[in-house]
Amino acid sequence: MKDFTCLVTGAESGLGYAAARGLAREGATVVMVCDNKKRARKARIKLIEESQNPDIDLILVDWFSLEDIKTKAQEILHSYRSVHLLLNLAEAYFPIRKLTANGKERNFAYNVLAPYLFTNELSALLMAADGARVLNLTYESHRLGAINFNDPGLKYNFSIRDAQRQVALARLSWTYELNRRLSGTGVDVHAFSTGARHPATIQQVPRFLHWAVKLATRFWERTSEESIDALLRLSLSDDYERLSGKYLFKGQIVKSSPITYNTAFNQQLWDTCATNTNSTIAAYREIQEMLLS
């Protein structure tokens, strides 16, 4: 796996770190894509020590900034010839509704728009690899979610519960539409859930609750070996080769909620992301048909 390049977002802790460690131990070149500078640098040193693999790179990115995501994606485009695996594992949730500098609600910006834009910007490197895979983390709570296309920022009825469910559904819907658009390119796209409850990665809570957040975060970051093994199998096993556009729950292919199989719904979600990021990918097969007509 010496020439196998993997990008792992959120690799400074939790599932992201565990996945990066497993890939590094297999001999892959691992690119940690993180937003916490202090934790990321410590994690990189620890990762090299634990894996005995020096081919661990670090990219720091501000997931709230569309401009910074594009800039860092361009750096990756100039630094690597191809990307064989992209794990979109970075996530964070915020109980108080605030907007980013780009005017986007933080939960939707960090957990939906950021991975959407990052993946789009790197699509050329994915297609340059021989059989690349994109794996997007989501949750079973997508079954209870809804997407407010008129107000994805939930301006008038915000709650952290509804924001998280919307994110889970959006990430799954986006996965299916990305798979449709990349069909024929050799890039496989899946969504997966570890089966864990939703993380307590909640910031900016009252000071008297800081102890609870720290305790919950430590509990969440005790990622089970079963979850790690399932993710690594999905990342590397030939069993999933050329098997694209699936939802995997605890490593098993299962049906997602019915609305996620609605092509018009998925395209509407894609259009919402495209409008908010000024980025899109044309469907590969549609381009081929146009060129042949």
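**Exercise 1. Find which residues line the largest cavity, and which elements they come from.**

Solution. Start with the list: F192, S193, T194, S227, A230, L231, L234, L248, K250 and G251 line the largest cavity. Here a cavity is a set of points, on a 1 Å grid over the protein atoms alone, where a 1.4 Å probe fits but cannot get out, and lining residues have an atom within 4 Å of a point.

Before going on, note that this is a predicted model: local features need pLDDT of at least 70, side-chain atom pairs count only at pLDDT 80 or more, and totals for chains, interfaces and linings use all residues. Residues are numbered from 1 along each chain as its sequence is written, and side-chain values use heavy atoms, with hydrogens and water left out.

Next, sort by element. β6 (188-193) and α8 (225-236) are the elements that give two or more residues to this lining, and α8 gives the most, with four. Helices (H or I, at least four residues) and strands (E, at least two) are DSSP runs, numbered from the N terminus.

**Exercise 2. Work out the volume of the largest cavity and the class make-up of its lining.**

Solution. The space in the largest cavity comes to about 60 Å³; a volume is the space filled by probe spheres set on the grid points, which are joined across faces, edges and corners. By class, its lining has five nonpolar, four polar and one charged residues. For the classes, Ala, Val, Leu, Ile, Met, Phe, Trp, Tyr, Cys and Pro count as nonpolar, Asp, Glu, Lys and Arg as charged, and the others, Gly among them, as polar.

**Exercise 3. Check the span of α8 and see what its buried side packs against.**

Solution. Take length first: at 1.5 Å times one less than the number of residues, the twelve residues of α8 should span 16 Å, and its end C-alpha atoms are 16 Å apart, so the two agree. Now burial (under 20% relative accessible area, 1.4 Å probe, protein chains only; exposed is over 50%, partly exposed in between): S227, I228, A230, L231, L232, L234 and S235 of α8 are buried. Those buried residues pack against α1 (14-25), β4 (85-88), β5 (133-137), β6 and β7 (246-249).

**Exercise 4. Place T194 and decide whether T194 is buried or exposed.**

Solution. T194 sits in the loop between β6 and α7 (210-220). Its relative accessibility is 16%, so T194 counts as buried. Leaving aside neighbours within four places in sequence, T194 is in contact (heavy atoms within 4.5 Å) with L15, S227 and K250.

Notes. 1 Å grid on protein atoms, 1.4 Å probe; cavity = no way out; pocket = protein on both sides within 12 Å on 5 of 7 lines; lining within 4 Å.
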